[in-house]
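Good morning, colleagues. I should like to take a few minutes to present one structure, beginning with its pocket and then turning to a helix. Please have the display open before you.

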Amino acid sequence: MPASLLAPFDLVAGHVVAAIDGRRVLVDTGSPASFGRGDRIQLPGGDHPIASGLLGFTVETAAEHIRKLPGVAPDFDLDVLLGTDLLWGNELLLDFPYRTVRITPASPREGTACCSTRTRFLIEDLVVGGTRAPALLDTGAPISYLATRHTEGFPVSGWARDFFHGGGDFQVPLRVVPALFRGRGVAVGFAEPPVSVWMAMRLLGVQAIVGTDLLEQVGVVSLELVG
């Protein structure tokens, strides 16, 4: 089995930007496709081709949106967006305290221990108010989202900025809703999904998106992209 890859990463406005194959790579389990500058990228398991973009969305576009977020340097740039088409078949170990990501080839097997796969997305239950809410685990999302059915009655605790391919840049209200993720309580301000994000959630059949704000609270997170 090929050796694993251990890479440092920066958390740039909630985006996991790792140093992989000599390039700045956005690790995005919410994207079904990889694309960027150059035509190939070296990962465990071999050399893989990448496209220049996805439906008009490029790494230049992604970097432009990220530069608009609070605290991001005006010269911030990306080389590659790494999606689940190339991540599939691996285990990702995200160590937020030490800012490292390990990509290790995993043995193919039927199903997963805690996640289900739908067109190569990671979907896992988030428990809100005693109810299981299917959630997309998205390392490309700096904030977590929750369907309004679960946030009714909770006051707005703040606001956050984000962007979505096809939906542009937007500002969303946050509501702190008690939830359980992998059996542990989490305290995070869930964003109210705008129409563009909600439509994507409905297509995937999920009621929530677990972003890096929630994943960082866990500390060390294993994501098994197998099935």
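Let me begin with the largest pocket, whose lining comprises 33 residues. Those that lie nearest the centre of this pocket are G30, S31, P32, F164 and H165. I should state at the outset that the model is a predicted one. The space within the largest pocket amounts to about 800 Å³. As to the chemical character of the lining, 23 of its residues are nonpolar, six are polar and four are charged.

Which elements supply at least two residues each to this lining? Both β14 and α3 do so. The most is given by α3, which contributes five residues.

That brings me to helix α3, which spans residues 195-204. Its buried residues are S196, V197, M201 and L204. Viewed down the helix axis, the buried residues of α3 fall within an arc of 135°, and they therefore line one face of the helix. Exposed on the other side of α3 are V195, M199, R202 and L203.

What covers the buried residues of α3? The cover includes several strands: β11 (122-128), β12 (131-137), β13 (145-146), β14 (158-164), β15 (168-176) and β19 (208-210). Strand β14 thus appears twice in this account: in the cover over the buried residues of α3, and among the contributors to the pocket lining.

One backbone detail remains. Just after α3, G205 adopts a positive phi of about 75°.

Thank you for your attention.

Methods. Residues are numbered from 1 along each chain as its sequence is written. This is a predicted model: local features need pLDDT of at least 70, side-chain atom pairs count only at pLDDT 80 or more; totals for chains, interfaces and linings use all residues. Side-chain values use heavy atoms; hydrogens and water are left out. Buried means under 20% relative accessible area, exposed over 50%, partly exposed in between (1.4 Å probe, protein chains only). Helices (H or I, at least four residues) and strands (E, at least two) are DSSP runs, numbered from the N terminus. The arc is that of the directions from the helix axis to the C-beta atoms. Contact means heavy atoms within 4.5 Å. On a 1 Å grid over the protein atoms alone, a cavity is a set of points where a 1.4 Å probe fits but cannot get out, and a pocket is an open set with protein on both sides within 12 Å along at least five of seven lines; lining residues have an atom within 4 Å of a point. Grid points are joined across faces, edges and corners, and a volume is the space filled by probe spheres set on the points. Ala, Val, Leu, Ile, Met, Phe, Trp, Tyr, Cys and Pro count as nonpolar, Asp, Glu, Lys and Arg as charged, and the others, Gly among them, as polar.
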